Amino acid sequence: MGLREDLERYREVGEQKRQDLADFIQYGDLGQSLPDEIQIPIKIVDLPEFAYDRRDRGGIGQGDPDVGDPVGQPQPQPGDDGDEGDEPGEEGGDHDYYEMDPEEFAEELDDELGLDLEPKGKEVVEETEGEFTDMTRTGPDSTLDFERMFKEGLKRKLAMDFDPDYVREALKVEGWGPERAFEWARDENINVSKHWLDEQYDAIPEDERTKWATIEEMQESSTQRSAAQKIREEGIRHVPFRKEDERYRYPEIIEEREKNVVVVNIRDVSGSMREKKRELVERTFTPLDWYLTGKYDNAEFVYIAHDAEAWEVEREEFFGIRSGGGTKISSAYELTAAILDERYPWTEWNRYVFAAGDSENSRNDTSENVIPLMEEIPANLHAYVETQPDGKAINATHAEEVGEHFGDSEAVAVSYVNGPGDVTDAIYEILSTEAES
């Protein structure tokens, strides 16, 4: 098999793996997996492999010789001595399942659904020093950014420096003195001090103070050198540094934030939530749990069951509970708010609140209680999953009311699961809403 064929086979295996993942989420037995080990049945066991030419090319390293075999002799191959080789076995291969941890599951689901959810770090657990890229006005001498200070001083020198020979000639204009030369220098944007002019004028002999009849004559006969030209000709003898030019480098402080997440799973367990509806809830919530476990450093889960009242349960009970009572969804959100406030502060934990049911609720509970509670509970994402495998009931309006109220909010997702084939679409709806936010 050539390299191109091998690469094509690997691509096909990858596509099949993602298809197997989607099929498993929708139709597979989710109970065969553990929270930290996900087993996905595979449909193809013909994994690609490289085939080597067994013909004797005089190469080295052929076969698996035993001690005492002659060096350089080709080793016997199956069939060389009349042996037809091993008969093909009838037992199954070793590739009955893809075994994934939650991290790999999350990666595969991202690929399958085209997601790119970036977990948010909340609590700072460690601060480390990065590169010396930040600046401050004070610090030890060893961290002084001299290159920056030199550049600032050089810019000042170029802006303020002048040609002393040229200015000195202005003092030799007949009738001029330091006062008149100083006014002229200011008009010419020459940064010279009055004190310097006084000193230079005193040093000029009397007979040279009338060298030029006018300033125009002096300018026509004298050449003024720019600061840049002076630096090129004479080099830099002095750069005017100032205290305000000093900057000290210090390391960037990098905060390592632990990505903690708590997922609150809420399920309606009232009498109307029969087996098919319960199965759809499990089929939607379980992959979401695995996905978020794979995305975050530390994931914790809270399971809340409710009919007209709400109570916390273990995961093992969550999907199988069935009650004969009525339905009041707000009871679950009241319990959620209490648990989150007590155990999972918003400043330290990412929060997801996933609720599911058949959208049946007590009169006005959605608008008067549930929606205000959803608005009051800070979370990365609130989601409601409606499960109605036998068609929508007349009074099943909860999902519709939530969807209409929150509209295109990036903090709330509403999805509808009428059968296993809708599960991956529902999961995408929920996770893509979170990714966008």
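Is Asn-189 buried or exposed? Asn-189 is exposed, with a relative accessible area of 66%. Keep that residue in mind, as we will come back to it on a walk through this structure, which is a predicted model.

Let's start with the chain as a whole. The chain holds 14 helices and 12 strands. It has 437 residues, of which 41% count as buried. What about partners that are distant in sequence? If you take the contacts between residues at least 6 apart in sequence, 80% of them join residues at least 24 apart.

Now find helix H5, which covers residues 178–187, and helix H6, which covers residues 194–203. Their axes come within 9 Å and cross at roughly 135°. An angle over 145 degrees would have counted as roughly antiparallel, but this crossing makes H5 oblique to H6. The crossing of H5 and H6 is also right-handed. On the H5 side, the contact is made by Pro-178, Glu-179, Ala-181 and Phe-182, while H6 brings Lys-194, Leu-197, Asp-198 and Tyr-201. Sorted by class, the contact of H5 with H6 has 5 nonpolar and 3 charged residues, with no polar ones.

Here we meet Asn-189 again, in the loop between H5 and H6. This residue has a positive phi of about 60°, although it is not a glycine. Follow the chain past H6 and you reach the loop between H6 and helix H7 (215–221), where Glu-206 is found. Glu-206 is exposed, because its relative accessible area is 61% and the cut-off for exposed is over 50%. Which distance separates the C-alpha atoms of Glu-206 and Lys-172? They are 9.5 Å apart, although the two residues are 34 residues apart along the chain.

Next, look at a second pair of helices: H2 (residues 102–113) and H9 (residues 275–295). The axes of H2 and H9 come within 7 Å and cross at roughly 110°. Angles of 65 to 115 degrees count as roughly perpendicular, so H2 is roughly perpendicular to H9. The H2 residues in this contact are Pro-102, Glu-103, Phe-105, Ala-106, Leu-109 and Asp-110, and they meet Pro-287, Trp-290, Tyr-291, Thr-293, Gly-294 and Lys-295 of H9. By class, the contact of H2 with H9 has 7 nonpolar, 2 polar and 3 charged residues.

Let's turn to the aromatic rings. How many aromatic pairs does a search of the whole structure find? The search finds 12. In one of them, the rings of Phe-301 and Tyr-303 have their centres 6.4 Å apart and their planes at 20°, so the pair is stacked. The two partners can be looked at one by one: Phe-301 is partly exposed, with a relative accessible area of 24%, whereas Tyr-303 is buried, with a relative accessible area of 7%. Tyr-352 and Phe-354 form another aromatic pair, and this one is tilted, with 5.9 Å from centre to centre and 55° between the planes. Both Tyr-352 and Phe-354 are buried. These four residues also belong to a cluster: ring pairs link Phe-285, Tyr-296, Phe-301, Tyr-303, Phe-318, Phe-319, Tyr-352 and Phe-354.

Moving further along the chain, you come to Ser-359, in the loop between strand E10 (350–357) and H12. Like Asn-189, which has a positive phi without being a glycine, Ser-359 is not a glycine and has a positive phi, here of about 75°. Asn-189 is exposed, but Ser-359 counts as buried, at 0% relative accessibility.

The last stop is helix H12 itself, residues 365–376, which packs with helix H13, residues 398–406. Their axes are 11 Å apart, and the packing angle is about 55°. That makes H12 oblique to H13. Which hand does the crossing of H12 and H13 have? It is right-handed. From H12 come Thr-366, Ser-367, Val-370, Ile-371, Met-374 and Glu-375, which meet His-398, Glu-401, Val-402, His-405 and Phe-406 in H13. The residues in the contact of H12 with H13 divide into 5 nonpolar, 4 polar and 2 charged.

Terms used. Residues numbered from 1 in each chain as written. Predicted model: local features only at pLDDT ≥ 70, side-chain atom pairs only at ≥ 80, totals over all residues. Heavy atoms only, no water. Axes fitted to C-alpha atoms, helices over the stretch in contact; angles between N-to-C directions. Helix = DSSP H or I, 4+ residues; strand = E, 2+ residues; numbered from the N terminus. Parallel < 35°, antiparallel > 145°, perpendicular 65-115°, else oblique. Left-handed = near helix turned anticlockwise from the far one by under 90°. Contact = heavy atoms within 4.5 Å. Nonpolar A, V, L, I, M, F, W, Y, C, P; charged D, E, K, R; others polar. Phe/Tyr/Trp six-rings, centres within 6.5 Å; stacked < 30°, edge-to-face > 60°. Buried < 20%, exposed > 50% of the residue type's maximum accessible area, 1.4 Å probe, protein only.
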